[in-house]
Amino acid sequence: MGEFWPVTDVLAHLGGSWRVERSVRDLVSGAEGRFTGTTVFGPLEDPLEGPGAPHGLLHQESGTFVWQGTPRPAERTLRFLPGPSPAAALVQFSDGRPFHDLDLSTGRYVADHPCAADLYRGEFTVRDENHWRTVWRVGGPAKDLVLTTDYTRLP
């Protein structure tokens with residue numbers, strides 16, 4: 001087996017609950033933060049097909065973010081929709097705006113998301129059926145950040 005674990009059906013693979021540990025580093029100031037919590041990938045119903053018609057996954061993350069010693073509750077919601085193949089997904093913000101593509105057919109994928117003057121570049125790697133990681137590098141006129149998130153499947 002190689003360094004990455006190929007995923008043939010990304011939505012089936014991600015479904016369920018995951019423990020999340022994220023580090024956030026500001027490369028300019030040296031400040032660091034940490035998020036700990038859970039992410040649940042549950043069914044996202046298709047609004048055109050009505051209740052009970054699955055159309056993808058709803059990613060709901062919640063936990064605590066500690067920045068410079070101050071803990072705060074934090075949460076986010078994303079939508080993972082079927083992509084052009086079972087190994088791929090289209091990731092959207094909760095309001096339906098596009099975020100990035102995702103294709104884990106090789107177990108590794110790099111995605112870009114331009115946001116105003118900033119560029120978010122994410123690298124997704126799957127280690128095995130129960131562990132995956134994202135590393136987002138955020139660069140722009142006022143930002144130089146690295147966000148590293150490790151996901152571990154919960155029983």
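# A tour from Thr148 to Ala116

Select Thr148 to begin: at a relative accessible area of 16% this residue counts as buried (under 20%; exposed is over 50% and partly exposed lies in between, with a 1.4 Å probe and protein chains only). The model is predicted, with local features needing pLDDT of at least 70 and side-chain atom pairs pLDDT 80 or more, while totals for chains, interfaces and linings use all residues. Residues are numbered from 1 along each chain as its sequence is written, and side-chain values use heavy atoms, without hydrogens or water.

Colour strand β10 and Thr148 will be found in it (helices, H or I of at least four residues, and strands, E of at least two, are DSSP runs numbered from the N terminus). Now show what Thr148 touches beyond four places in sequence: the contacts are Glu21, Arg22, Ser23, Arg133, Thr134 and Val135 (contact means heavy atoms within 4.5 Å).

**The whole chain**

Zoom out to the cartoon. There is 1 helix, with 10 strands, and the order along the sequence is α-β-β-β-β-β-β-β-β-β-β. The C-alpha trace spans about 45 × 40 × 35 Å along its principal axes. How does the radius of gyration of the chain compare with that of a compact globule of 155 residues? The chain has 16 Å, which agrees with the value near 15 Å for such a globule (C-alpha atoms; 2.2 Å times the number of residues to the power 0.38). Buried residues make up 36% of the 155 in the chain. Of the contacts between residues at least 6 apart in sequence, 39% join residues at least 24 apart.

**The largest pocket**

Select Arg22, Arg76, Phe99, Tyr120 and Leu147; of the 21 residues lining the largest pocket, these are the closest to its centre. That pocket holds about 450 Å³ of space. On a 1 Å grid over the protein atoms alone, a pocket is an open set of points with protein on both sides within 12 Å along at least five of seven lines, a cavity is a set where a 1.4 Å probe fits but cannot get out, and lining residues have an atom within 4 Å of a point. Points join across faces, edges and corners, and volume is the space filled by probe spheres on them.

Next, colour the strands that supply at least two lining residues each: β1 (16-26), β3 (54-67), β4 (70-82), β7 (108-115), β9 (131-140) and β10 (143-153). Strand β10, where Thr148 is found, gives the largest share of this lining, 4 residues. Coloured by class, the pocket lining shows 12 nonpolar, 3 polar and 6 charged residues (Asp, Glu, Lys and Arg are charged; Ala, Val, Leu, Ile, Met, Phe, Trp, Tyr, Cys and Pro are nonpolar; the others, Gly among them, are polar).

**The cavity**

Which residues line the largest cavity? Select His59, Arg76, Leu78, Phe80, Phe99, His100, Phe124, Trp132, Thr134, Trp136 and Tyr151. The structure has 1 cavity of 30 Å³ or more, and the largest cavity encloses about 80 Å³. Its lining takes at least two residues from each of β4, β6 (98-103) and β9. By class there are 7 nonpolar, 3 polar and 1 charged residues in the cavity lining.

Stay on His100, which is found in strand β6. His100 is buried, with 7% relative accessible area. Outside the four places on either side in sequence, His100 touches Ala89, Leu90, Val91, Ala111, Asp112, Phe124 and Trp136.

**The nonpolar core**

Move to Val10, Phe80 and Trp132, the residues with the most contacts inside the largest nonpolar core, a set of 23 residues. Such a core is made of buried Ala, Val, Leu, Ile, Met, Phe, Trp, Tyr and Cys residues joined through side-chain atoms within 4.5 Å. Elements giving two or more residues to this core include α1 (10-14), β2 (32-45), β5 (88-93) and β8 (118-128). Phe80, also one of the residues lining the largest cavity, has Leu11, Leu14, Phe41 and Gly56 among its contacts more than four places away in sequence.

**Loops**

Go to the loop between β8 and β9 and pick Glu129. Is Glu129 buried, partly exposed or exposed? Glu129 is partly exposed, at 47% relative accessibility. Beyond four places in sequence, Glu129 touches Trp5, His13, Trp18 and Arg153. Draw a distance from its C-alpha atom to that of Pro98, 31 residues apart along the chain: the separation is 27 Å.

Two backbone angles end the tour. Gln68, in the loop between β3 and β4, is not a glycine but has a positive phi of about 50°. Gln68 is exposed, with a relative accessible area of 59%. Ala116 lies in the loop between β7 and β8, and its phi is also positive, near 55°. The relative accessibility of Ala116 is 84%, which counts as exposed.
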